[in-house]
Amino acid sequence: MHVGHLDGDRFEIGIRRHRVTVDQPVDAGGEDTAPTPTELFIASLASCGVPESRREPLLAVASHCTVHNTLTTEPEVAIHLVEPEAAEVA
């Protein structure tokens with residue numbers, strides 16, 4: 001995963017071959033061009049749910065969901081800052 005600053009409060013996140021942009025609402029200093037990081041977090045948790053027809057096993061599914069488990073078990077997080085010049089060479 002790679003996160004790059006675009007401008008203002010906008011960032012582009014590269015995940016494999018996918019690109020996701022995040023921003024802040026105008027009233028929070030952003031340009032509202034994309035979801036906020038918090039909104040994406042909530043959406044990722046919601047996407048681990050099951051169709052309405054399978055509501056009964058929802059709790060069993062949630063207990064095996066990576067996003068849900070990240071909330072209940074403290075993850076190990078490593079952050080590495082790379083100077084733009086070094087990132088272009090790599």
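This passage describes the fold, overall dimensions, surface and charge of a single chain, as seen in a predicted model.

A good place to start is confidence. The mean pLDDT of the chain is 83, and 93% of its residues reach 70 or more. Confidence peaks in strand β3, which covers residues 18–22 and has a mean of 96. At the other end of the scale is helix α4 (residues 84–89), where confidence is lowest, at a mean of 61, and a reader may wish to keep that value in mind when viewing this helix.

Turning to the fold, the chain contains 3 strands and 4 helices. Read from the N terminus, the order of these elements is β-β-β-α-α-α-α, with the strands preceding the helices. The chain is more spread out than a compact globule, because its radius of gyration of 17 Å is well over the 12 Å that the globule rule gives for 90 residues. The C-alpha trace spans about 50 × 30 × 25 Å along its principal axes.

Contacts and burial add to this picture. Among contacts with a separation of 6 or more, 5% join residues 24 or more positions apart. Of the 90 residues, 12% count as buried. The accessible surface of the chain amounts to about 7500 Å², and carbon and sulfur atoms make up 57% of that surface.

Finally, there is the matter of charge. The chain carries 15 negative side chains and 6 positive ones. The centres of these two sets are 15 Å apart.

Technical notes: Residues are numbered from 1 along each chain as its sequence is written. This is a predicted model: local features need pLDDT of at least 70, side-chain atom pairs count only at pLDDT 80 or more; totals for chains, interfaces and linings use all residues. Side-chain values use heavy atoms; hydrogens and water are left out. Helices (H or I, at least four residues) and strands (E, at least two) are DSSP runs, numbered from the N terminus. The radius of gyration is taken over C-alpha atoms; the globule rule is 2.2 Å times the number of residues to the power 0.38. Buried means under 20% relative accessible area, exposed over 50%, partly exposed in between (1.4 Å probe, protein chains only). Contact means heavy atoms within 4.5 Å. Accessible areas come from the Shrake-Rupley method with a 1.4 Å probe; for residues, only the protein chains shown count as cover. Lys and Arg count as positive and Asp and Glu as negative; His and the chain ends are not counted. The place of a charge is taken as NZ of Lys, CZ of Arg, CG of Asp or CD of Glu. pLDDT is the predictor's confidence in each residue, from 0 to 100.
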